[in-house]
Amino acid sequence: MYPFASLPENLIAFCAVLRRDHGFRIGPGELHDAARALEVVDLSDEHAVRHALRPTLSGTLHDATVFDQAFADFFFPRPFGDRHDQRPSVRRDPESDAVSSEERFEQERRARSPVDADAVDVAPEAPDGPIAPLETTDSDLEEAAPLAHDEFNLEYLAEVLTQYGQPPRIVGAPEAVIPAAQLLPEFPAEMVDALTAGQIRNGRDFRVSPFQVRPSGRFVKAVTPEGQLVAIGEARLPHLYHPVLVL
Amino acid sequence: MTDAATIRERFRERAFIADEAFATALQIMLALEKPLLIEGPAGVGKTESAKVLAEVLGTRLIRLQCYEGLDAIAALYEWNYPRQMLHARLSESEGSSLEEREAQIFSERFLLKRPLLESITEAQSPVLLIDEVDRADEAFEAFLLEMLAEWQVTIPELGTIRARHKPHVILTSNRTRELSDALRRRCLFVWLPYPSLDQEIDILHARVPGLAERLAHQIASLMQVLRGLPLRKAPGVAESLDWALALMSLHRDHLDARALEQTLGCVLKVHEDHAVMNAHHTALEPILEGAPGALESGGHSRETDFGFGSVSTPRR
């Protein structure tokens, strides 16, 4: 249930997140205190752990204020479909004519997977917001190789998006294909070796480098060193992604 | 005194309502033997928590009240100069050597222990409260840092005195000045905010036995509103307790506009704040008018009081 196997690893990773994302000043001394503090509380009690770590790791009011949220984000990342509360602010903004590719991907994924039938019912809010024209340029099309296994079919994508009443404006021929690696520029790419790529194709979860991918990112692309897209992973735990779309 | 739940219970027995976060912080502080820095607005019980902790642990509370200009001498030790003089005079005729007389004069008998020295010479770990550390200057803070790290004091005439038992240290700060990073790093940190509405009602009942349920609710609600106003000096828990006692002594079982006027001095301590409150009176009116008593023109209300002055409400 925690991101890493052992308690010290989790603690160290959590401290790294606090330092990097929230400006906590945590040195070895604080880390040591935190580890000792965990020895005296009931580890099965989430509140106790939180209350034990807060005084040891935070040093200012600001630290103490943001601590709880950071703790929840790290140890209890938001489950699926729990982001509705955040989305409307993006959607209802009439100024923004760009929906992030993360959301576009989300819509597509829902439409595809039959288990998510409920989610599709919820989705009618989608037509409210404009869906960005796919940013396919001529140069993309020129670069496009003949249909390969790591490429999205634009026609298919158009079909999915049309289901939401928003046929995408596609520049160029409808049957054109573009490299998938370029289609979703907002997803961070994680390089995986051949062995891991094989495992991912078989549905195994994969880890990403905590220094490259922020734990808040929902999707990552798994890419081979040659630049082939292997899969799109969805965050299950910080730094641990489950392939939801294998190519 | 091992886990947070026990600490909460012991504190509650002494009418101090500690939430889980604060109790756990105390538990960690005791287990790690590290100083605990408590920050928060004035009057939320920072100082009180140290007193209660000493009671709960069954040890002495040694308090060092910080102020601008406090120096190491006043915090550590002084020689009792008049007594030394007197002793020197009286022993003049004894014919002892100069060295002997010097040794007599500079012995522990003539040492005036100030809080920090006192705290390390106790037989049992005391609770050392370093109150309002933000009011002392940075030089003192640096000295304090050294003290908290070493737990020893060197007196040139007597030698080095080491702590037999490390005191449990609680530092409080009202944030009038930003404390140094070094001091923060030496301490565990806990922020003690104003209590929530329910917590405050809880505190009122615990500290003012016999307070009518409705009055407690009104006081706590009004406090929540007042703390949201741009006051010079926002009322703390200490003020709500004073206020509750004042209202009780006036035999009030509810708050109306008149009672508020009579007892406003318990709540707002700066004259300008009265004007601020009057400017925002619309925010207060729902709480005052919500009292049935205000409509019944002072009659005793049924749910709190059967005409016996007050009823004791069960502690929750």
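**Exercise 1.** Starting from the fact that α2(B) passes α3(B) in a right-handed crossing, determine which residues make the contact and which class the angle between the helices falls into.

*Solution.* The model is predicted, local features need pLDDT of at least 70, side-chain atom pairs count only at pLDDT 80 or more, and totals for chains, interfaces and linings use all residues. Residues are numbered from 1 along each chain as its sequence is written, chains are lettered from A and ligands numbered from 1 in the order in which they are written, and side-chain values use heavy atoms, without hydrogens or water.

Step 1. Helix α2 (residues 20-32) and helix α3 (residues 46-57) of chain B pack at an angle of about 60°, with axes 13 Å apart; axes are lines fitted to C-alpha atoms over the stretch in contact, and angles run from 0 to 180 degrees between N-to-C directions.

Step 2. Angles under 35 degrees count as roughly parallel, over 145 as roughly antiparallel, 65 to 115 as roughly perpendicular and the rest as oblique, and α2(B) and α3(B) are therefore oblique to each other.

Step 3. The contact (heavy atoms within 4.5 Å) is made by B:Phe22, B:Leu26, B:Met29 and B:Leu30 of α2(B) with B:Ser49, B:Leu53 and B:Leu57 of α3(B).

**Exercise 2.** Establish the strand order of the open sheet in chain A and its edge strands.

*Solution.* Step 1. The five strands, DSSP runs of E with at least two residues, follow the order β3-β5-β6-β7-β4 with mixed pairing, where pairing requires at least two bridges.

Step 2. β3 (189-191) and β4 (206-207) of chain A are the edge strands, each pairing on one side only.

Note on methods
Helices (H or I, at least four residues) and strands (E, at least two) are DSSP runs, numbered from the N terminus. A crossing is left-handed if the near helix is turned anticlockwise from the far one by less than a right angle, and right-handed if clockwise.
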